[in-house]
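Hi,

Here is the structure I promised to send over. Have a look first, and my notes come after it.

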Amino acid sequence: MARIAVGGLHHETNTFAPQPATFERFAEADGWPPLSRGPELFERTAAINLPVTGFIDAAKAAGHELVPLLWANAVPSGRVTRDAFERIVGWLLEDLAAARPVDALFLDLHGAMVTEHLDDGEGELLRRVRTVVGDALPIVAALDLHANLSAAMVTQADALVAYRTYPHVDMAETGARCLAPLERLLRGERLAKAWRCGEYLVGLPWQCTLVEPARGLYELTTRLEQGGRRWVSLTMGFPAAAVPDCAPAFLAFGEAAAEAVDELARAFAEAEPAFAGEAWEAEAAVREAIASYRGRPIVLADTQDNPGGGGTGDTTGLLAALIAARAEGAALALLADEEAARAAHAAGLGAVLQGLPLGGRHGPEGVVPLLDDWEVVALGDGRFTATGPFYGGNRMELGPMAALRPARAPGVRVLVASRRVQAADRAMLRHLGVEPANQRLLALKSSVHFRADFAPLADRVLIVRAPGVVVADPAELPFRRLPERMRRAPRRHGA
């Protein structure tokens with residue numbers, strides 16, 4: 001059996017977002033575990049839907065000896081600071097050097113990390129790893145479905161395996177899938193590599209693998225693997241990372257890798273017209289949801305303020321529309337406003353926070369706080385265990401939380417958290433006494449991950465394009481450095 005080093009570093013960078021990923025954001029727990037070094041890596045990631053967890057479980061079951069290095073994640077945001085990247089990568093390399101000799105290395109990476117000084121964070125990380133371990137040591141990495149694949153990433157790794165689901169319910173499964181190519185490399189085999197970039201961008205809401213055409217494309221990646229003789233991935237790319245490698249990509253490792261990439265690339269090219277999706281303006285979406293309610297919740301996805309895509313989590317466009325319509329049985333989750341949450345805790349349950357400015361503290365331009373009298377209807381400490389298939393088993397640490405009711409629209413509840421995290425798990429609402437199934441309208445700050453836990457409840461889902469920095473339509477982003485050949489898939493506007 002082999003001695004395998006295990007580590008990881010995750011960040012999905014929205015270069016249009018205002019809040020940088022500082023070292024403190026990696027160090028703290030939020031929707032995922034905090035920075036973990038050495039044995040605490042095993043402890044803090046256990047029983048959670050993460051690639052590193054899936055790989056650890058599979059490798060231990062196969063009898064391998066594992067050496068924990070470092071694992072860190074920060075909520076998606078603007079660029080990773082130079083200090084954070086250099087400090088964390090420095091520790092990872094230091095721990096890797098101290099762990100030697102090892103027979104192989106597994107890394108849990110995202111693939112769309114941009115720093116203050118690097119366009120390709122993962123490519124540089126892998127390059128530095130090679131300076132420590134040399135060219136012969138097998139390196140296999142798990143990647144996010146939204147990775148922006150680079151030549152450096154493909155060159156420096158021996159195999160890369162990406163998620164196949166969005167919502168990412170297969171993160172742990174993807175980590176486990178990484179063991180098979182790693183074991184072939186350990187036996188002395190070398191896996192052929194092939195990769196290619198697509199020629200159009202797809203907005204996040206329409207990358208969802210629960211619906212066509214993405215569903216069919218990912219079913220094709222599974223068929224192309226042909227019983228484990230090769231490993232095939234389609235990375236959709238993260239269009240809010242304005243770097244030259246921002247693009248969908250097709251990659252394969254193993255037998256007839258080039259043929260698999262060719263077939264996947266052809267299928268993706270043919271699917272372009274089918275990626276057109278519908279998005280609603282906030283006021284129209286609220287009117288439609290109220291009028292079409294038939295006994296089961298209608299979900300309003302506040303996609304452009306999705307903290308999982310770098311959104312500030314505190315924009316007020318959709319909330320203002322709910323209040324203006326005096327919606328009944330409506331809950332908005334989660335609005336990130338630490339000041340408001342702490343004010344609610346200081347005032348106590350049943351208190352009224354008169355004239356409190358809520359949200360709207362970080363832009364974008366035109367987004368302002370909402371002023372109202374807010375009744376405190378529930379309080380929570382932000383500590384609970386996620387129960388849904390995406391966050392699966394994670395111990396949430398969201399800081400003080402509160403449910404507030406505006407005086408102008410007492411049928412609306414706003415669920416406030418101190419830390420940014422997308423609303424993708426029913427436990428987030430239940431922590432503040434809101435049962436999702438009993439709501440008429442569920443306004444969720446999420447693009448797609450909410451579907452894993454909330455879609456089974458919903459009669460209908462409306463994608464809402466209220467102001468925010470996670471722009472749903474790539475055609476609306478002010479790109480300056482994309483390849484000239486890159487197009488943006490079409491999108492339909494709702495009423």
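Below is what turned up on the pockets and on one sheet.

Bear in mind that this is a predicted model, where local features need pLDDT of at least 70, side-chain atom pairs count only at pLDDT 80 or more, and totals for chains, interfaces and linings use all residues. Numbering starts from 1 along each chain as its sequence is written, and side-chain values use heavy atoms, with hydrogens and water left out.

Pockets first. A pocket here is an open set of points on a 1 Å grid over the protein atoms alone, where a 1.4 Å probe fits, with protein on both sides within 12 Å along at least five of seven lines; lining residues have an atom within 4 Å of a point. The largest pocket is lined by 20 residues, with Gln19, Glu338, Ser418, Arg419 and Arg420 nearest its centre. Its lining has eleven charged, five polar and four nonpolar residues (charged means Asp, Glu, Lys and Arg; nonpolar means Ala, Val, Leu, Ile, Met, Phe, Trp, Tyr, Cys and Pro; the others, Gly among them, are polar).

The second largest pocket has 15 lining residues, and Pro205, Trp206, Glu278, Arg451 and Ile463 lie nearest its centre. By class, that lining has twelve nonpolar, three charged and no polar residues.

Now the sheet. Eight strands (DSSP E runs of at least two residues, numbered from the N terminus) make an open, mixed sheet in the order 14-15-18-19-13-20-12-21; two strands pair if DSSP finds at least two bridges between them. Strands 14 and 21 are at the edges with a single partner each, so one side of each has no neighbour in the sheet. Strand 14 runs antiparallel to strand 15, joined by five bridges, and Leu353 has Trp374 as its bridge partner.

Cheers

Terms used. Helix = DSSP H or I, 4+ residues; strand = E, 2+ residues; numbered from the N terminus.
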